[in-house]
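Student: I should like to learn how individual features of a structure are read. May we take them one at a time?

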Amino acid sequence: MAILITGIPGVGKTTVLKRLADKVGDRASGFITIEIRESGRRIGFDIVTFEGRRGILARKGLSSPHRVGGYGVDIESFDRIAIPAIELASNKILIIDEIGKMELFSRKFREAVITALDSKMPVVAAIMQKSHPFADAIKSRSDCGIIEVTRSNRDRLPERLIKLCGA
């Protein structure tokens with residue numbers, strides 16, 4: 001069974017997933033998304049795998065046909081980092097941060113997510129709260145449980161997620 005965490009932007013979904021990965025150590029595979037700041041202002045997002053690979057997800061001013069707000073999304077960089085991190089996760093806990101608007105521009109990512117969810121490996125993924133056809137289809141799967149991250153539960157969630165995914 002997969003566990004999907006959702007919640008409002010900034011509530012701590014990425015922090016929950018980082019703490020989960022810290023607790024399970026080398027049993028974690030997948031990636032997190034981190035903010036990139038310059039002079040205190042957010043200028044973009046990078047993707048970082050638990051194996052130490054890193055690439056650009058999005059940047060302000062990046063020329064791309066794929067845009068979210070003021071950010072251009074670098075699908076090639078994302079695919080180069082995210083897809084292997086998902087595909088190589090067998091016998092580990094796959095952590096995906098996140099199934100969101102930027103990431104869903106990638107057809108390869110959508111395919112890799114479905115393959116992972118159809119497998120027997122434990123999957124813990126952050127998923128966008130807003131409606132989106134692909135995300136809504138994932139959220140409606142009978143083999144996916146959904147937990148909303150709130151300020152009051154986020155500190156306890158890593159331990160709960162470990163128990164839920166049998167780690």
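Student: Is Thr-49 buried or exposed, and why?

Tutor: This is a predicted model, and the assignment rests on a computed accessibility. A residue is called buried when its relative accessible area is under 20%. Thr-49 has 5% relative accessibility and therefore counts as buried. Thr-49 belongs to strand β3.

Student: Which residues does Thr-49 touch?

Tutor: Leaving aside residues up to four places away in sequence, Thr-49 touches Gly-30, Phe-31, Ile-81 and Ala-85. Of these contacts, Ile-81 and Ala-85 are among the buried residues of helix α2.

Student: How should helix α2 itself be described?

Tutor: One begins with its length. Helix α2 covers residues 75-87, which is 13 residues, and spans 17 Å from its first C-alpha to its last, close to the 18 Å expected at 1.5 Å a residue. One then looks at the end: Asp-74 caps the N-terminal end of α2, with a side-chain oxygen 3.4 Å from the backbone nitrogen of Glu-76.

Student: Against which elements do the buried residues of α2 pack?

Tutor: The buried residues of α2, including Ile-75, Phe-78, Ile-83 and Ile-86, pack against strands β2, β3, β4, β6 and β7 and against helix α3.

Student: How many salt bridges are found in the whole structure?

Tutor: The general idea is that side chains of opposite charge can pair when their charged atoms come close. A search of the whole structure finds 10 salt bridges.

Student: Which residue forms a salt bridge with Arg-54?

Tutor: Arg-54 pairs with Asp-46, and their closest N and O atoms are 2.9 Å apart. Arg-54 is partly exposed, at 47% relative accessible area, whereas Asp-46 is buried, at 7%. Asp-46 also meets Arg-59 in a salt bridge, at 2.8 Å from N to O. Because Asp-46 lies in strand β3 and Arg-59 in strand β4, this second pair ties together parts that are 13 residues apart in sequence. Arg-59 counts as buried, with 18% relative accessibility.

Student: Where do Asp-118 and Arg-141 lie?

Tutor: The side chains of these two residues, Asp-118 and Arg-141, meet in a salt bridge of 2.9 Å, N to O. Asp-118 lies in helix α3 and Arg-141 in the loop between α4 and β9, so the pair ties together parts that are 23 residues apart in sequence.

Student: Which residues are linked in a network of salt bridges?

Tutor: Glu-35, Arg-37 and Arg-42 are linked in such a network.

Conventions
Residues numbered from 1 in each chain as written. Predicted model: local features only at pLDDT ≥ 70, side-chain atom pairs only at ≥ 80, totals over all residues. Heavy atoms only, no water. Helix = DSSP H or I, 4+ residues; strand = E, 2+ residues; numbered from the N terminus. Expected span 1.5 Å × (residues − 1). Buried < 20%, exposed > 50% of the residue type's maximum accessible area, 1.4 Å probe, protein only. Contact = heavy atoms within 4.5 Å. Polar contact = N/O pair within 3.5 Å; in protein donor to acceptor, adjacent residues only side chain to side chain. Salt bridge = Lys/Arg side-chain N within 4 Å of Asp/Glu carboxyl O.
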